Amino acid sequence: MSTKREEEMLRYLMTKPGWHSVQELSIFLDVSGRSVKKYYKNLSADHPVASSKLGYKYEGTREISEKQPESKGSKIPTTKRERIFYVLNRLLSNDAPVNVYDLAEEIFASESNLKLDFKAAVKYAKNFGLILKQRGDYFSISGSEEDKRHMLSDMLYKESDGNFVSKSIIQSNFPTIDLDELYTITQVCAKEHHIYLNTFDLNNIVLHVVIAIQRIRDGYQTQPQLDDFLLEK
(Lines give C-alpha, C1' and ligand atoms only; values in the text may rest on other atoms or scores of the structure.)
Protein backbone atom coordinates (compact mmCIF):
# COMPACT_ATOMS: atom_id res chain seq x y z
CA MET A 1 0.00 0.00 0.00
CA SER A 2 1.44 3.38 -1.01
CA THR A 3 2.06 6.01 1.62
CA LYS A 4 0.66 9.53 1.60
CA ARG A 5 4.09 10.90 0.67
CA GLU A 6 4.35 8.51 -2.27
CA GLU A 7 0.93 9.61 -3.50
CA GLU A 8 1.98 13.24 -3.20
CA MET A 9 5.14 12.54 -5.18
CA LEU A 10 3.21 10.69 -7.88
CA ARG A 11 0.69 13.49 -8.23
CA TYR A 12 3.49 16.08 -8.40
CA LEU A 13 5.16 14.18 -11.24
CA MET A 14 1.85 13.67 -13.04
CA THR A 15 0.88 17.34 -12.89
CA LYS A 16 4.30 18.73 -13.83
CA PRO A 17 5.79 17.37 -17.10
CA GLY A 18 9.54 16.94 -17.42
CA TRP A 19 12.35 15.86 -15.14
CA HIS A 20 12.44 16.70 -11.44
CA SER A 21 15.60 16.33 -9.38
CA VAL A 22 15.84 14.45 -6.10
CA GLN A 23 16.61 17.73 -4.37
CA GLU A 24 13.50 19.41 -5.80
CA LEU A 25 11.29 16.52 -4.74
CA SER A 26 12.84 16.29 -1.29
CA ILE A 27 12.12 19.99 -0.72
CA PHE A 28 8.56 19.66 -1.97
CA LEU A 29 7.84 16.59 0.15
CA ASP A 30 9.91 17.81 3.11
CA VAL A 31 11.80 14.52 3.31
CA SER A 32 15.35 13.34 2.72
CA GLY A 33 16.76 12.50 -0.71
CA ARG A 34 17.04 8.91 0.46
CA SER A 35 13.30 8.84 1.10
CA VAL A 36 12.61 10.24 -2.37
CA LYS A 37 14.63 7.40 -3.92
CA LYS A 38 12.68 4.90 -1.84
CA TYR A 39 9.39 6.41 -2.96
CA TYR A 40 10.51 6.15 -6.59
CA LYS A 41 11.38 2.49 -6.17
CA ASN A 42 7.93 1.73 -4.76
CA LEU A 43 6.06 3.86 -7.31
CA SER A 44 7.92 2.50 -10.33
CA ALA A 45 6.59 -0.98 -9.60
CA ASP A 46 3.06 0.12 -10.51
CA HIS A 47 3.41 3.39 -12.42
CA PRO A 48 5.27 4.65 -15.53
CA VAL A 49 7.77 6.73 -13.58
CA ALA A 50 11.19 7.01 -15.24
CA SER A 51 14.57 7.61 -13.63
CA SER A 52 17.77 9.18 -14.98
CA LYS A 53 20.66 11.37 -13.83
CA LEU A 54 18.23 14.28 -14.22
CA GLY A 55 15.89 12.84 -11.61
CA TYR A 56 12.42 11.41 -12.13
CA LYS A 57 9.48 12.06 -14.42
CA TYR A 58 6.06 10.60 -15.18
CA GLU A 59 5.73 8.92 -18.57
CA GLY A 60 2.02 8.07 -18.62
CA THR A 61 -0.35 8.76 -21.48
CA ARG A 62 -1.28 12.19 -20.08
CA GLU A 63 -0.80 14.41 -17.06
CA ILE A 64 -3.45 15.43 -14.57
CA SER A 65 -4.54 19.03 -14.84
CA GLU A 66 -2.73 20.93 -12.16
CA LYS A 67 -5.95 22.69 -11.19
CA GLN A 68 -8.02 19.50 -11.11
CA PRO A 69 -9.76 19.21 -7.73
CA GLU A 70 -9.00 16.10 -5.78
CA SER A 71 -11.89 14.80 -3.70
CA LYS A 72 -12.30 11.73 -1.60
CA GLY A 73 -14.87 10.29 -3.97
CA SER A 74 -12.59 10.66 -7.01
CA LYS A 75 -9.35 9.49 -5.43
CA ILE A 76 -6.93 8.29 -8.07
CA PRO A 77 -5.87 4.67 -7.47
CA THR A 78 -2.11 4.49 -6.98
CA THR A 79 -1.46 0.77 -6.44
CA LYS A 80 -2.29 -2.34 -8.43
CA ARG A 81 -4.90 -3.45 -5.89
CA GLU A 82 -6.53 -0.02 -5.87
CA ARG A 83 -6.73 -0.06 -9.66
CA ILE A 84 -8.23 -3.56 -9.64
CA PHE A 85 -10.88 -2.52 -7.13
CA TYR A 86 -11.55 0.68 -9.06
CA VAL A 87 -12.17 -1.32 -12.23
CA LEU A 88 -14.43 -3.77 -10.39
CA ASN A 89 -16.44 -0.97 -8.79
CA ARG A 90 -16.91 0.70 -12.18
CA LEU A 91 -18.11 -2.56 -13.71
CA LEU A 92 -20.47 -3.22 -10.79
CA SER A 93 -22.01 0.22 -11.13
CA ASN A 94 -22.60 -0.01 -14.89
CA ASP A 95 -25.07 -2.19 -16.74
CA ALA A 96 -23.25 -1.69 -20.02
CA PRO A 97 -19.64 -2.74 -20.79
CA VAL A 98 -16.97 -0.17 -19.88
CA ASN A 99 -14.46 1.10 -22.42
CA VAL A 100 -10.85 0.32 -21.51
CA TYR A 101 -9.60 3.65 -22.90
CA ASP A 102 -12.13 5.60 -20.84
CA LEU A 103 -11.02 3.70 -17.73
CA ALA A 104 -7.35 4.31 -18.48
CA GLU A 105 -8.04 8.03 -18.86
CA GLU A 106 -9.96 8.16 -15.58
CA ILE A 107 -7.13 6.71 -13.51
CA PHE A 108 -4.21 8.01 -15.63
CA ALA A 109 -2.86 4.55 -16.46
CA SER A 110 -1.67 3.08 -19.73
CA GLU A 111 -4.04 0.77 -21.58
CA SER A 112 -1.46 -2.04 -21.49
CA ASN A 113 -1.09 -1.82 -17.69
CA LEU A 114 -4.84 -1.65 -17.24
CA LYS A 115 -5.30 -4.80 -19.29
CA LEU A 116 -2.79 -6.58 -17.04
CA ASP A 117 -4.73 -5.38 -13.99
CA PHE A 118 -7.90 -6.69 -15.61
CA LYS A 119 -6.41 -10.19 -15.79
CA ALA A 120 -5.80 -10.04 -12.02
CA ALA A 121 -9.36 -8.75 -11.54
CA VAL A 122 -10.68 -11.75 -13.49
CA LYS A 123 -9.01 -14.14 -11.03
CA TYR A 124 -10.25 -12.21 -8.01
CA ALA A 125 -13.86 -12.05 -9.25
CA LYS A 126 -13.80 -15.76 -10.07
CA ASN A 127 -13.57 -16.49 -6.33
CA PHE A 128 -17.12 -15.14 -6.01
CA GLY A 129 -18.58 -16.91 -9.03
CA LEU A 130 -18.41 -13.75 -11.15
CA ILE A 131 -17.21 -13.66 -14.74
CA LEU A 132 -15.24 -10.78 -16.22
CA LYS A 133 -14.85 -10.60 -19.98
CA GLN A 134 -12.98 -8.46 -22.45
CA ARG A 135 -14.44 -8.04 -25.91
CA GLY A 136 -12.38 -5.73 -28.04
CA ASP A 137 -11.90 -2.53 -26.08
CA TYR A 138 -14.66 -3.22 -23.56
CA PHE A 139 -14.76 -4.86 -20.12
CA SER A 140 -17.89 -6.41 -18.63
CA ILE A 141 -18.97 -8.43 -15.58
CA SER A 142 -21.69 -11.02 -15.18
CA GLY A 143 -23.04 -13.04 -12.28
CA SER A 144 -25.69 -13.00 -9.59
CA GLU A 145 -26.46 -9.91 -7.54
CA GLU A 146 -25.79 -11.90 -4.34
CA ASP A 147 -22.28 -12.75 -5.53
CA LYS A 148 -21.62 -9.14 -6.51
CA ARG A 149 -22.59 -7.99 -3.02
CA HIS A 150 -20.32 -10.62 -1.47
CA MET A 151 -17.42 -9.36 -3.54
CA LEU A 152 -18.12 -5.75 -2.55
CA SER A 153 -18.00 -6.78 1.11
CA ASP A 154 -14.71 -8.62 0.62
CA MET A 155 -13.22 -5.63 -1.20
CA LEU A 156 -13.95 -3.43 1.80
CA TYR A 157 -12.20 -5.89 4.10
CA LYS A 158 -9.27 -6.09 1.72
CA GLU A 159 -9.03 -2.30 1.60
CA SER A 160 -8.71 -2.29 5.38
CA ASP A 161 -5.94 -4.89 4.98
CA GLY A 162 -8.22 -7.65 6.24
CA ASN A 163 -8.59 -5.94 9.59
CA PHE A 164 -11.70 -5.01 11.51
CA VAL A 165 -14.11 -2.93 9.40
CA SER A 166 -15.23 -0.24 11.83
CA LYS A 167 -18.33 1.92 11.78
CA SER A 168 -16.28 4.89 10.60
CA ILE A 169 -14.94 2.92 7.62
CA ILE A 170 -18.46 1.84 6.65
CA GLN A 171 -19.74 5.41 6.96
CA SER A 172 -16.90 6.83 4.87
CA ASN A 173 -17.76 4.41 2.05
CA PHE A 174 -21.53 4.95 2.31
CA PRO A 175 -21.92 8.57 3.47
CA THR A 176 -25.59 8.91 2.45
CA ILE A 177 -26.82 6.05 4.66
CA ASP A 178 -27.92 6.66 8.26
CA LEU A 179 -25.70 4.19 10.10
CA ASP A 180 -26.91 5.20 13.57
CA GLU A 181 -30.44 4.11 12.71
CA LEU A 182 -29.24 0.84 11.19
CA TYR A 183 -27.13 0.01 14.23
CA THR A 184 -30.09 0.72 16.51
CA ILE A 185 -32.47 -1.44 14.45
CA THR A 186 -29.98 -4.32 14.32
CA GLN A 187 -29.33 -4.23 18.05
CA VAL A 188 -33.05 -4.06 18.89
CA CYS A 189 -33.83 -7.01 16.60
CA ALA A 190 -31.00 -9.06 18.11
CA LYS A 191 -32.16 -8.29 21.65
CA GLU A 192 -35.77 -9.23 20.86
CA HIS A 193 -34.60 -12.62 19.63
CA HIS A 194 -32.14 -13.08 22.51
CA ILE A 195 -29.13 -13.00 20.21
CA TYR A 196 -25.84 -11.66 21.50
CA LEU A 197 -23.80 -9.68 19.00
CA ASN A 198 -20.24 -8.63 19.69
CA THR A 199 -18.86 -5.59 17.88
CA PHE A 200 -17.43 -7.67 15.05
CA ASP A 201 -20.76 -9.46 14.45
CA LEU A 202 -22.71 -6.19 14.62
CA ASN A 203 -20.47 -4.40 12.12
CA ASN A 204 -20.49 -7.38 9.78
CA ILE A 205 -24.30 -7.51 9.71
CA VAL A 206 -24.62 -3.76 9.23
CA LEU A 207 -22.04 -3.81 6.44
CA HIS A 208 -23.99 -6.42 4.48
CA VAL A 209 -27.25 -4.52 4.99
CA VAL A 210 -25.64 -1.24 3.92
CA ILE A 211 -24.26 -2.81 0.74
CA ALA A 212 -27.70 -4.24 -0.05
CA ILE A 213 -29.38 -0.86 0.51
CA GLN A 214 -26.87 0.96 -1.68
CA ARG A 215 -27.18 -1.61 -4.47
CA ILE A 216 -30.98 -1.34 -4.35
CA ARG A 217 -30.75 2.44 -4.51
CA ASP A 218 -28.54 2.05 -7.58
CA GLY A 219 -31.17 -0.14 -9.22
CA TYR A 220 -29.74 -3.61 -8.58
CA GLN A 221 -32.16 -5.94 -6.81
CA THR A 222 -32.48 -9.53 -5.65
CA GLN A 223 -34.87 -11.42 -3.38
CA PRO A 224 -37.92 -9.10 -3.78
CA GLN A 225 -39.29 -9.54 -0.23
CA LEU A 226 -35.97 -8.59 1.42
CA ASP A 227 -35.37 -5.73 -1.01
CA ASP A 228 -38.83 -4.25 -0.40
CA PHE A 229 -38.15 -4.33 3.35
CA LEU A 230 -34.79 -2.59 2.94
CA LEU A 231 -36.27 0.06 0.68
CA GLU A 232 -38.82 0.96 3.33
CA LYS A 233 -35.94 1.66 5.73
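This is a tour of a predicted model, going from the whole chain to single helices, residues and a cavity.

**Whole chain.** Start with everything displayed as a cartoon. The protein chain has 11 helices and 5 strands. Colour by burial next: of the 233 residues, 39% are buried. Switch to a surface, and the accessible area of the protein chain is about 13500 Å², with 51% of that area belonging to carbon and sulfur atoms. If you draw contacts between residues with a separation of 6 or more, 62% of them join residues 24 or more positions apart.

**Helix 1.** Select residues 4-15, which form helix 1. The end C-alpha atoms are 16 Å apart, and because 12 residues at 1.5 Å a residue should span 16 Å, the two values agree. Now show the side chains of the buried residues in helix 1: Glu 6, Met 9, Leu 10, Arg 11, Tyr 12, Leu 13, Met 14 and Thr 15. The charged residues Glu 6 and Arg 11 are thus in the buried set. What covers the buried residues of helix 1? Add helix 2 (22-29), helix 3 (33-43), strand 1 (49-52) and strand 2 (55-58) to the view, as the cover includes these elements.

**Asn 42.** Stay with helix 3 and pick Asn 42, which lies in that helix. Asn 42 has a relative accessible area of 36% and is therefore partly exposed, as this value falls between the 20% and 50% limits. Measure from its C-alpha to that of Thr 3: the distance is 9.7 Å, although the two residues are 39 apart in sequence.

**Helix 7.** Select residues 145-159, the 15 residues of helix 7. From first C-alpha to last, helix 7 reaches 21 Å, close to the 21 Å expected at 1.5 Å a residue. Its buried residues are Glu 145, Lys 148, Arg 149, Met 151, Leu 152, Ser 153, Met 155, Leu 156 and Tyr 157. While looking down the axis, recall that an α-helix has 3.6 residues a turn, so residues three or four places apart point the same way.

**Helix 9.** Move to residues 179-192, helix 9, and pick Ile 185. Is Ile 185 buried or partly exposed? Its relative accessibility is 25%, so Ile 185 counts as partly exposed, the limit for buried being under 20%. The C-alpha atoms of Ile 185 and Val 206 are 9.7 Å from each other, with their positions 21 residues apart along the chain. Then select Thr 186, also placed in helix 9. Thr 186 counts as buried because its relative accessibility is 14%. Beyond the neighbours within four places in sequence, Thr 186 contacts Leu 197, Leu 202, Ile 205 and Val 206.

**The loop after helix 9.** Follow the chain to His 194, in the loop between helix 9 and helix 10 (199-217). His 194 has a relative accessible area of 76% and so is exposed. Check its backbone as well: phi is near 55 degrees, a positive value in a residue other than glycine.

**Cavities.** Finish inside the structure. How many cavities of 30 Å³ or more does a search of the whole structure find? The search finds 2. The largest cavity holds about 80 Å³ of space. To centre the view there, select His 47, Arg 83, Ile 107, Phe 108 and Ala 109, the closest to the cavity centre among its 15 lining residues. By type, the lining of the largest cavity divides into 9 nonpolar, 4 polar and 2 charged residues.

Notes: Residues numbered from 1 in each chain as written. Predicted model: local features only at pLDDT ≥ 70, side-chain atom pairs only at ≥ 80, totals over all residues. Heavy atoms only, no water. 1 Å grid on protein atoms, 1.4 Å probe; cavity = no way out; pocket = protein on both sides within 12 Å on 5 of 7 lines; lining within 4 Å. Points joined across faces, edges and corners; volume = space filled by probe spheres on them. Helix = DSSP H or I, 4+ residues; strand = E, 2+ residues; numbered from the N terminus. Expected span 1.5 Å × (residues − 1). Buried < 20%, exposed > 50% of the residue type's maximum accessible area, 1.4 Å probe, protein only. Contact = heavy atoms within 4.5 Å. Areas by Shrake-Rupley, 256 points an atom, 1.4 Å probe, with all protein chains shown as cover.
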